[in-house]
Each structure stands twice: as C-alpha cells, then as structure tokens.
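Subject: The structure we talked about

Hi there,

Here is the structure I promised to pass on to you. Have a look at it first, and then read on for my notes.

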Amino acid sequence: MTALESTNPKDRAAWGRLDDMARELRHRELRDIFAAEPDRGPAWTLEAAGLRVDFSKQRVTHDVMEALLDLAREQGVLERRDAMFAGQHINVTEDRSVLHTALRLPPASGALIVDGVDVADEVHGVLGRMASFADRVRSGEWQGATGKRIRNVINIGIGGSDLGPAMAYIALQYYSDRSMTFQFVSNVDPTDISEAIRGLDPAETLFIVASKTFGTQETLTNAKAARAWIVEALGEGAVERHFVAVSTNADRVAAFGIDTANMFGFWDWVGGRYSMDSAIGLSTMVAIGPDNFANMLAGFHAMDEHFRHADASVNIPLRMGLTAVWNRDFLDIPTNAVLPYAQYLARFPAYLQQLTMESNGKSVRLDGARVDYNTGAIYWGEPGTNGQHSFYQLLHQGTEVVSCDFILFAQALEPVFDMQDMLAANALAQAAVLAFGRTADEVRAEGVPDDLVPHKVMPGNRPSTFILAARLDPHALGALVALYEHSVFVQGAIWGIDSFDQWGVELGKSMANSILPDLQDADRPLDRDSSTDALIRAYQAMHATVRPDAG
C-alpha cells in the first residue's frame with residue numbers, strides 16, 4: 001500500500017478488533033475505568049505547543065488506543081501525513097497539493113520546492129507585503145480618498161474567507177487596535193452589508209474583498225454594494241483607496257477598480273477552510289499587527305512540527321483524530337460539541353463546523369467507492385457558561401450521547417474579581433459530571449424523596465476531551481486551530497476519503513444561478529418539481545407586495 005491509495009478501513013484487521021472491543025466497552029463505565037487506573041488523569045494527558053490535552057475522560061482503554069494506532073499504521077496515516085508535508089498531490093479529485101502547513105513556515109526554514117516552485121519563498125513574499133500594508137493602515141499612512149485615516153475595516157468574503165478571519169479577530173480582539181473597528185460581511189442577505197456600513201463614514205472605511213477567483217457570487221454581490229456606497233459618497237476615483245483584494249484573478253480585480261498593486265494572492269493548494277493564516281487573514285493582521293500575526297503563525301508551526309515528528313504514542317493530533325474515529329464508528333456517537341470556556345472563542349465552534357464537516361462530510365472514498373461506515377461527525381457548540389443554561393440538559397440526561405471538547409485558559413485577559421476561577425470551576429465540573437454522573441444511591445444520600453430520585457440521576461459515561469492552555473494569545477490560537485486541522489486529517493486518512501475537496505457545495509450553487517432568472521421574471525415558464533415551482537410563484541407574489549417601510 002502507498003500513502004495515496006484508497007483503502008477500506010473495514011478490511012483491516014484492527015477494525016475487527018476494535019469492533020469487538022466496542023461491544024465489550026459498551027458495558028463499562030468511566031467510573032470503573034478510572035477505578036482500575038488510579039493515575040489515569042495524568043497518564044492520558046499530553047502536552048505540546050503550549051496546549052495540555054487530557055484524553056482521560058474518553059471511553060478509551062490502552063488496548064483500544066493500541067488497536068487504533070494499529071489501524072492508523074495499516075491505513076498509512078503517517079505516510080499520508082508525510083506526503084502532505086512534502087507537497088504531494090494528496091487532494092486526488094482536484095490533483096492538488098495540500099500545503100496549508102507551508103503558510104506558517106518560519107522565514108529561516110529554507111526552500112520548499114513543489115511542482116518546480118519554491119513555495120516557502122512565495123509565502124514569505126506575500127506575508128511581507130501584507131505586513132507592509134497592515135503597518136501603513138495602522139499608522140495612518142494609508143489614507144482614504146479625502147485624506148482621512150482609515151478607522152473602519154470591513155472584510156467581505158464567505159466560507160473560509162469569512163469564518164477564519166472573523167473567528168480570529170474575535171478570538172484575538174484583546175490584542176487589536178481599539179481605535180479601529182472591524183466587521184465581516186458574508187451573507188448575500190442585503191441586511192448583512194447594510195448593517196455593516198450603517199453609521200460609518202465612507203471616507204474612513206476600507207473594504208478587503210476576499211475571493212480567490214474574484215467571482216464568488218455572494219462576495220461579489222456584497223462588494224458591488226459596498227462599491228456603490230463608496231462611489232455615491234466619494235466618487236468613482238475613490239475606489240482604489242477604499243478597496244483592496246485578496247485574490248488570484250488580476251483581470252477581474254482591475255476591472256472592479258482595485259489597483260492590482262493592492263492585490264494579495266494565495267494558491268490553489270490552500271483550501272478556503274485552511275486559509276486563515278494566508279492572505280485571507282489580512283484583516284486579522286491589520287487588527288492585531290504583523291508581530292502578533294507572526295506569533296499566531298508560530299503557534300500553528302509548533303503544532304505542525306509536533307504532528308510531523310512526535311512519536312505516535314504521544315502525538316496529540318493523531319490521538320485526537322483516532323479518538324474521533326472511535327467515537328463515530330465504534331461507539332456510534334454522531335455529534336461533537338465544542339465548548340470553549342472563553343467568550344473570545346464565540347465563533348470557534350462555527351469555524352470548526354466548516355473545517356470538520358466540509359472536510360469529512362463525505363460518503364465516497366478516494367477510489368470512488370461508497371463508504372459503508374460512518375464518516376464526519378456533526379460539530380456544534382457554544383461558549384461556556386452560556387451553553388450550561390441552554391443545551392447542557394441534553395448533554396447530561398438526553399437519550400443521545402454527545403462527545404465534548406472543553407477548552408479553558410488559566411489566565412484571564414481581563415481579570416475581574418475571581419471570575420476566571422468561577423469560569424474554570426464550571427468547566428471542570430461539567431466535564432466531571434458528564435464523565436461520572438450521579439447514581440441513584442448518591443441522590444438518595446442527599447435526602448431526595450424517592451419519587452424524585454430517577455429525575456436527578458445523571459447517567460454519566462459521556463466522553464470528553466479537555467484542552468487547557470495558559471492564556472488565549474495568538475500563539476495559543478494558532479496551535480489550537482492546527483490541532484483541529486490535523487485531527488481532521490487523521491480522521492479522513494483513516495476513512496480513506498479526500499478531506500480537501502468540497503464537491504458537495506457545488507450543485508446547490510449552480511442550481512441557485514439557474515433559479516435566479518426564474519425569480520426575476522414572472523412570465524418565465526417553470527418546469528421544475530412542483531414544490532420548487534410553487535415556492536417560486538409564492539415568492540414572486542410576496543416580493544411584489546408593497547409594504548410600509550419598516551426602517
């Protein structure tokens with residue numbers, strides 16, 4: 001087997017062993033597993049790149065982990081990892097390299113030649129141009145058409161061109177220039193762009209339009225609306241002072257009116273959901289400054305190096321990915337809740353939704369055969385402690401078991417009284433209760449009446465991983481994102497799927513383009529399914545109805 005062959009993991013000997021182990025483990029409680037391993041907490045905790053990751057509350061034994069590692073060996077996961085870092089075309093359906101790891105190579109790392117091009121040199125060239133531009137905007141040297149300083153930056157993108165920068169800005173807002181405002185527009189719903197520009201001075205506003213082809217429908221529609229707003233206020237000649245582009249299509253960028261000297265490029269070996277540390281992160285760099293952006297890249301690289309070189313027995317992304325496969329395929333757990341006990345990580349679960357579900361939401365293997373096992377779990381979540389007063393009831397006592405990732409930082413960036421200790425106490429308590437629950441005898445011992453005892457029992461045995469770091473700084477964010485990137489890679493490699501294409505999003509987009517003229521012409525004959533045709537006619541009738549202005 002080579003690293004790029006498509007294989008069915010169910011054909012592997014380790015898969016059968018894991019099936020047997022799962023049947024046995026379904027009858028074992030985490031309480032019993034901990035009782036048999038008094039030092040399980042420290043023994044199942046690994047550290048790298050400033051992150052301490054505790055896997056002890058996962059329903060995994062040493063025998064299970066050894067079988068999972070055997071499955072990884074039989075599936076060629078580590079060989080496939082090495083092929084990725086070397087720039088081989090492991091994105092088979094698009095015949096591309098997968099080199100997001102090159103985006104965070106240190107300047108002194110040397111050349112990385114892929115398809116005859118020094119990728120490292122190109123990456124550092126773009127980063128240098130980004131840093132120069134960011135410094136000019138932050139210092140006030142870059143001015144708008146009227147000579148005013150830029151005080152508002154609006155990133156226009158969608159998917160990875162929005163989720164990554166928006167998540168990173170909010171996560172690192174503590175480090176941002178507070179004399180400036182940053183907003184992110186993605187939705188083609190006209191209220192998104194309208195609310196973003198409401199109350200702003202066009203003369204102080206800069207738009208970053210992020211689209212690889214400069215043809216993404218939602219992004220270009222929003223960009224045209226922003227352009228019209230600038231032109232109406234400042235004139236046609238103002239466009240080149242109030243717009244820059246992150247793109248590879250110089251002709252379309254120039255046609256829009258943006259000076260191609262202010263176009264920042266990236267490459268087809270960077271998937272959108274892996275691009276927040278490329279030029280797509282220009283808004284992040286303007287917000288936090290080039291030095292903090294470099295620290296974030298260093299965090300990414302530290303986790304890359306750990307994943308690339310650490311022994312399999314202590315490799316955190318490998319173990320995290322294998323644990324995810326174990327939960328999905330052998331314990332039949334369909335969803336994973338991401339629970340950051342950090343308000344700055346409010347958008348992190350949404351960011352991971354794209355990273356994980358667009359990557360591994362696949363039902364076809366690399367060889368074109370349909371899978372007959374579960375692939376990508378559903379990722380969702382909300383910051384603690386908010387979620388505790390929302391959906392944690394289901395986590396603790398619902399009929400569906402949900403695996404959980406807790407994320408906590410020991411130091412508050414904004415210390416107030418003992419609030420960080422209170423936050424930490426909640427995170428630690430929730431993970432413990434999910435794991436160990438509360439028995440009927442324990443409930444009775446608290447003096448609870450017999451008729452209420454069943455209602456207050458917590459079944460426990462709900463698996464979780466606990467990620468702890470000192471503080472949420474740029475390095476920690478980079479390491480955290482890279483951890484999940486590589487965990488996603490491991491899962492996809494085990495399942496024999498291509499984690500780096502996204503054909504599933506294409507058909508709906510193309511059909512939307514064909515429906516648009518139907519919506520705009522009431523006399524156009526319709527010949528779709530009866531539901532879609534009826535909805536089109538109903539929309540046209542409602543759309544044409546005159547209503548009082550609600551604004």
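Below is what I found, going from the whole chain down to single residues.

Please keep in mind that this is a predicted model.

**The whole chain**

The chain contains 22 helices and 13 strands. Its radius of gyration is 25 Å, close to the 24 Å that the globule rule gives for 551 residues, so the chain is as compact as a globular protein of that length. Measured out along the principal axes, the C-alpha trace spans about 75 × 60 × 60 Å. Of the 551 residues, 52% count as buried. Among contacts with a separation of 6 or more, 74% are between residues 24 or more positions apart.

**The sheet of six strands**

One open sheet has 6 strands in the order 1-2-13-12-10-11, and its pairing is mixed. Strand 1 (45–48) and strand 11 (378–381) are the edge strands, each with a single partner, so one side of each is left without a neighbour in the sheet. From one strand to the next, the twist averages 20 degrees.

Strand 10 is a good place to start looking. Residues 335–341 make up strand 10, which pairs in the parallel sense with strand 12 (residues 403–409) over 6 bridges. In this pairing, Ala 337 stands opposite Cys 404 of strand 12. Strand 10 also pairs with strand 11, again in the parallel sense, over 4 bridges. There, Asn 336 sits opposite Tyr 379 of strand 11.

How many of the residues of strand 10 are buried? The count is 7 of 7. On one side these are Thr 335, Ala 337, Leu 339 and Tyr 341, and on the other Asn 336, Val 338 and Pro 340, so both faces of the strand are covered.

Helix 20 (residues 474–495) packs on this sheet and touches strand 2 (51–54), strand 10, strand 11, strand 12 and strand 13 (464–469). The direction of helix 20 makes about 45 degrees with that of strand 2.

Strand 13 also holds Thr 465. Is Thr 465 buried or exposed? With a relative accessible area of 3%, Thr 465 is buried, because anything under 20% counts as such. Apart from neighbours within four places in sequence, Thr 465 is in contact with Val 53, Asp 54, Phe 55, Gln 58, Cys 404, Asp 405 and Phe 406. You may recognise Cys 404 from above as the residue that Ala 337 stands opposite.

**The sheet of five strands**

A second group to find on your screen is an open sheet of 5 strands in the order 6-5-7-8-9, with parallel pairing. Strand 6 (181–185) and strand 9 (263–264) stand at its edges; each has a single partner strand, so one side of each has no neighbour in the sheet. Strand 5 (residues 152–156) runs parallel to strand 6, and 5 bridges join the two. One pair to look for is Asn 155 with its bridge partner in strand 6, Phe 184.

Helix 9 (residues 217–234) packs on this sheet, where it touches strand 5, strand 6, strand 7 (205–210) and strand 8 (243–246). The direction of helix 9 makes about 160 degrees with that of strand 7.

**A pair of helices**

Helix 13 (residues 290–309) and helix 14 (residues 316–330) pack with their axes 7 Å apart, at an angle of about 75 degrees. The two helices are therefore roughly perpendicular to each other, since angles of 65 to 115 degrees count as such. Which residues meet where helix 13 and helix 14 come into contact? Met 303, His 306 and Phe 307 come from helix 13, and Ile 316, Pro 317 and Leu 318 from helix 14. By class, that contact has 5 nonpolar residues, 1 polar residue and no charged ones.

**Backbone details in the loops**

Three spots in the backbone are worth a look too.

- The peptide bond from Gly 384 to Thr 385 is cis, with omega near 15 degrees. Thr 385 lies in the loop between strand 11 and helix 16 (392–397).
- Asp 332 is not a glycine, yet its phi is positive, at about 55 degrees. Asp 332 belongs to the loop between helix 14 and strand 10, and at 43% relative accessibility it counts as partly exposed.
- Phe 417 is not a glycine either, and has a positive phi of about 50 degrees. You will find Phe 417 in the loop between strand 12 and helix 17 (419–436), where it is exposed, with a relative accessible area of 82%.

Happy browsing, and best wishes

Methods. Residues numbered from 1 in each chain as written. Predicted model: local features only at pLDDT ≥ 70, side-chain atom pairs only at ≥ 80, totals over all residues. Heavy atoms only, no water. Pairing = 2+ DSSP bridges. Axes fitted to C-alpha atoms, helices over the stretch in contact; angles between N-to-C directions. Contact = heavy atoms within 4.5 Å. Parallel < 35°, antiparallel > 145°, perpendicular 65-115°, else oblique. Nonpolar A, V, L, I, M, F, W, Y, C, P; charged D, E, K, R; others polar. Rg over C-alpha atoms; globule rule 2.2 N^0.38 Å. Buried < 20%, exposed > 50% of the residue type's maximum accessible area, 1.4 Å probe, protein only.
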